[in-house]
There are 2 protein chains.
Amino acid sequence: MSLAVHESEYTNTEFTPRQQAVLECALGLLVAGGEKALTTAGLARNANCSKESLYKWFGDRDGLLAAVVAYQASKVHFPPEGGATADTETFRQHLNAFATELLAVLFGETSVALNRLSIGQSNKDDNRLGQLLLQRGKYMISAKARSLLEAGRHRGYLKFDDAEEAYQVLYGLAVRDVHIRLLLGDKARPEEHDLESQAELAVQRFYKLFGT
Amino acid sequence: MSLAVHESEYTNTEFTPRQQAVLECALGLLVAGGEKALTTAGLARNANCSKESLYKWFGDRDGLLAAVVAYQASKVHFPPEGGATADTETFRQHLNAFATELLAVLFGETSVALNRLSIGQSNKDDNRLGQLLLQRGKYMISAKARSLLEAGRHRGYLKFDDAEEAYQVLYGLAVRDVHIRLLLGDKARPEEHDLESQAELAVQRFYKLFGT
DNA sequence: ATCGAACCGTACGGTACGGTACAAATTCGG
DNA sequence: CCGAATTTGTACCGTACCGTACGGTTCGAT
């Protein structure tokens, strides 16, 4: 599956297994109680590690937060293109699958928690977290989407000038204002829980705009 | 102008002029340095008031934050419908104007700062700020948009089943992922600064989906 | 068995900030 | 002009948390 979350199927080169376990615990604290719930003492207590180790591994609290974001981003993989996208129908199914996975990632509680964290820290001097999330989150997805759309254009299924612009339209059609509402603490409406239908409707409208 | 910001043309019944001045100062601190820059001592110093007055007026720090959000929301008015929207062309111009103003509000630094604040506080128990921003911000705009779209449908310019759904599509076409990128600290691309063109393009695509 | 490295748990200093208390100053109605 | 109420400026308290230090423990290597 594209965009799927792998549970460390093999060792992540960036962090040791022990560190990954601690970061996983930090993610849990973040999802449960937000940024202020992620204190160095609290994490040490919950993860059964010492504060000294935290500071040895991550430098300071900001480094810890950056490590959490980087760790989660490292779990989202983009396996190479699904191979033979021969006919029109399977290509459209690929678009549907992409849109569905996009919604699944964006609306997941982990993504919501990390977005809240990064947005809350976006007033810092350098704003490492926001840049990190944009770089290793949105830009990756955008690249994946562009290559998919370019393939569709090359085969004559789609028609557009700028792939980035086309992707942004697809994003807007699929996400609408649901993401910001979730970030603000609103509950998703019932029909918005059916990601498949939402994605299919978005792709349908996308074809009405960019289909041949 | 719809959605225009009025500078307290006449006394806001909710806050005294002195309190409004202090809240204005708080807004400035928020826009400049984010939530952590808005301390009670700092606000008292900058606004030339005492902490005791702050607590007397707003109860506690959370009350102060809520007051800031409520105050800013009270400045955004939705004057009654522009009156005679007779022909097709003027109606479409109204849609363009609405979309432009929507982008102008959402991408303004004040809105960005308040959204960041509310999102950062959305893990609290009751989440007053997020509810407040949703209630007095997004829902108001949504209502305005729905009435506008309903009028278009009634006159035969548009065709859709659910006005709320149609509005969300218009929102997605206009905003795309720019809002979340701004919240994360990304800079808007050059072409995204031309709100008029962006809005016009969005309305053009909206007509392709819902026009008659 | 011994050494050394990494790690755990805890305790502690320093600091920032929310909230309160109080005397001096200012405003304002009568 | 006067007195009451409000506001200001400052000092202060308690708390929460970051960052560090240190004693004790586990565990693999030699």
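Arg18(A) reaches DNA strand C with a polar side-chain atom that sits 2.6 Å from a phosphate oxygen; that makes a polar contact, meaning a pair of N or O atoms within 3.5 Å (within protein, one must be able to donate a hydrogen and the other to accept it, and residues adjacent in sequence count only if both atoms are side-chain atoms). Keep in mind that this is a predicted model, where local features need pLDDT of at least 70, side-chain atom pairs count only at pLDDT 80 or more, and totals for chains, interfaces and linings use all residues. Residues are numbered from 1 along each chain as its sequence is written, chains are lettered from A and ligands numbered from 1 in the order in which they are written, and side-chain values use heavy atoms, with hydrogens and water left out.

**Around DNA strand C**

- Chain B gets a grip on the phosphates too: a polar side-chain atom of Thr40(B) is 3.1 Å from a phosphate oxygen of the strand.
- With Ser50(A), a polar backbone atom is what lies 3.4 Å from a phosphate oxygen of DNA strand C.
- Helix H3 (51–58) of chain A and helix H3 (51–58) of chain B are the elements giving two or more residues to the surface near the strand; helices here are DSSP runs (H or I, at least four residues), numbered from the N terminus.
- H3(A) gives the most to that surface, with four residues.
- There are 15 residues around DNA strand C, and Arg18(A), Lys51(B), Glu52(B), Tyr55(B) and Arg61(B) come nearest; "near" means a heavy atom within 4 Å.
- Sort that surface by class and you get three nonpolar, five polar and seven charged residues.
- On the DNA side, 52% of the strand C atoms within 4 Å of the protein belong to sugar or phosphate, and the rest to bases.

**Where chains A and B meet**

- Each side puts in its share: 41 residues from chain A and 41 residues from chain B are in contact, that is, with heavy atoms within 4.5 Å.
- About 3,700 Å² is buried between the two chains, with carbon and sulfur atoms giving 60%; buried area is the accessible area (1.4 Å probe) lost on putting the two parts together, summed over both.
- Ile119(A), Gln168(A) and Leu184(A) supply 18% of what chain A buries against chain B, more than any other three residues.

**Polar and charged links between the chains**

- Six salt bridges cross the interface, each a side-chain nitrogen of Lys or Arg within 4 Å of a carboxyl oxygen of Asp or Glu.
- One of them pairs Arg189(B) with Glu164(A), at 3.5 Å from N to O.

How values were computed: Ala, Val, Leu, Ile, Met, Phe, Trp, Tyr, Cys and Pro count as nonpolar, Asp, Glu, Lys and Arg as charged, and the others, Gly among them, as polar.
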